[in-house]
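Visitor: I have a model open in my viewer and would like to learn how to read its features one by one. Could you walk me through it?

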Amino acid sequence: MTARRNVLFILADQLQAFALGCMGHSQIQTPNLDALAASGALFRNSYVEFPVCTQYRGVLMTGRYGAQTGITSFLQGPEPTSRCLADALNDHGMWTSYVGKWHLYEFYDMPVRPEQRCGFTRFVGYQSHNDYLDGVRFWDEDANCREFAGGHRTTATAAIAIERLREIPDDRDFALFVSFLSPHYPLQPAAEFEAQYRNVDIALRDNVRTPEQVFTPTYSPESPQPIETDPNFHRYGSSLGLFWQQYAAMVSQLDHEVGRILGELKRQGRDDDTLVIFTSDHGEMGGSHGAMNKGRWEEESTRVPMIVRSPGSPGGVGIDTPVSAGVDILPTILDWVGA
């Protein structure tokens, strides 16, 4: 019997490399990702070629450098003739599925059209909507809308991923891609995680200084103007300390939901034949060099966490050799599955 060769790829959004326990942060609690690193390989110097959402995703899907994809705005994606990662996996006979934030070709709260899905045969997600508490909607491959009224987007993303894991036919190898919005702004952690850091003075990097504007407004949905009228502004306003409390809460909530997905994988007995990759599309400046957000060629923006657990490989391995969390992913996955 041929050994199974499955893939679970989990993508965070705007997760700074230094904001995980396994990457050295002593206050931000990430027990599930720490455990994943302890059972696999932690790439301490993992970088993205283009530290912006859409541009990174174009690199991930095509395996081409950012300068080669032709993607220079939030309203672009790979050319229609591009052969993407899921195309190769489909040709290899795999069950391919994508869950969560897409952010290629379009920008707003809307379904992802079939021709925009870069070959994924099963798809439950949305283009881009920066809100965790309101308008939590996912559209499936048949354009059915599923709304999570009163739910949290991070929780909903994990719930759908678990559902998809349970739908995989027993006789099919699979490649499941799960794309979280978290911890991308606006910072709206669930109450239990927010409470966890309410009185914690989060240690900041030595190069941090308070920017002129800490708060980042959103465009989908559009933030009220002036920004002082935005309810999200009142979570941390111009306080970098409060920002990091909220950001830490978002990271811990993300870690919790990743743990749920990995728990389901183990429950099904598939963790022994599944390559697991966890990384982020870019980092977060978080006040370093007096800047917030991403899109800068600095460590905090271009360096991302990356953990890889490969069945049969030793765990607890730390790798300092620089690697790409973009162009290196496609050939790594194809090599693993034998495509």
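Guide: Gladly; what follows is a short tour of cysteines, a helix, a few side chains and some backbone angles. Keep in mind that this model is predicted.

Visitor: Let's begin with cysteines. How many disulfides does the count come to?

Guide: A disulfide is a covalent bond between the sulfur atoms of two cysteines. Here the count comes to zero disulfides. Take cysteine 53: the nearest cysteine sulfur belongs to cysteine 118 and is 15 Å away, whereas a disulfide needs the two sulfur atoms within 2.5 Å.

Visitor: Is cysteine 53 buried or exposed?

Guide: Cysteine 53 is buried, because its relative accessible area is 2%. Cysteine 145, by contrast, is partly exposed, at 43%.

Visitor: Now a helix. What span should helix H8 have, and what is the distance between its end C-alpha atoms?

Guide: In general, an α-helix has 3.6 residues a turn, so residues three or four places apart point the same way. For length, use the rise of 1.5 Å a residue: H8, residues 240-267, has 28 residues and should therefore span 40 Å. Its end C-alpha atoms are 40 Å apart, in agreement with that. H8 is also mostly covered, with 21 of its 28 residues buried. After H8 comes glycine 269, with a positive phi near 75°.

Visitor: How do I read a charged side chain, and what does arginine 57 touch?

Guide: Start with its place, then its exposure, then its partners. Arginine 57 sits in helix H2, residues 53-62, and is buried, with a relative accessible area of 1%. Beyond its neighbours within four places in sequence, its contacts include Leu11, Asp13, Tyr98, Trp102, His103 and Asp281. With aspartate 13 there is a side-chain polar contact of 3.0 Å. As for histidine 103, the C-alpha atoms of the two residues are 7.7 Å apart, although 46 residues separate them in sequence.

Visitor: Which side chain of opposite charge is nearest to aspartate 131?

Guide: That is arginine 153, at 6.0 Å. A salt bridge requires the charged atoms within 4 Å, and aspartate 131 is buried yet has no salt bridge. Its side chain does reach the backbone nitrogen of leucine 133, at 2.8 Å. Aspartate 131 lies in the loop between E4 and strand E5 (137-139), and among the residues it touches are Arg153, Leu181 and Pro186.

Visitor: Pro186 brings me to the backbone. Where are the cis peptide bonds you would show me?

Guide: The general idea first: most residues other than glycine have a negative phi, and most peptide bonds are trans. In this model, the bond from tyrosine 185 to proline 186 is cis, with omega near 5°. Proline 186 is in the loop between strand E7 (174-183) and helix H6 (191-196). Another cis bond joins glutamine 225 to proline 226, where omega is about -5°. Proline 226 lies in the loop between H6 and helix H7 (233-236).

Visitor: And what is the phi of glutamine 14?

Guide: Glutamine 14 has a phi near 70°, a positive value in a residue other than glycine. It is found in the loop between strand E1 (6-13) and helix H1 (31-38), and glutamine 14 is buried, with a relative accessible area of 0%. Asparagine 293 also is not a glycine and has a positive phi, of about 80°. Asparagine 293 belongs to the loop between strand E8 (274-280) and helix H9 (299-302), and counts as buried because its relative accessibility is 14%.

Technical notes. Residues are numbered from 1 along each chain as its sequence is written. Side-chain values use heavy atoms; hydrogens and water are left out. Buried means under 20% relative accessible area, exposed over 50%, partly exposed in between (1.4 Å probe, protein chains only). Helices (H or I, at least four residues) and strands (E, at least two) are DSSP runs, numbered from the N terminus. Contact means heavy atoms within 4.5 Å. A polar contact is a pair of N or O atoms within 3.5 Å; within protein, one must be able to donate a hydrogen and the other to accept it, and residues adjacent in sequence count only if both atoms are side-chain atoms. Lys and Arg count as positive and Asp and Glu as negative; His and the chain ends are not counted. The expected span of a helix is 1.5 Å times one less than its number of residues.
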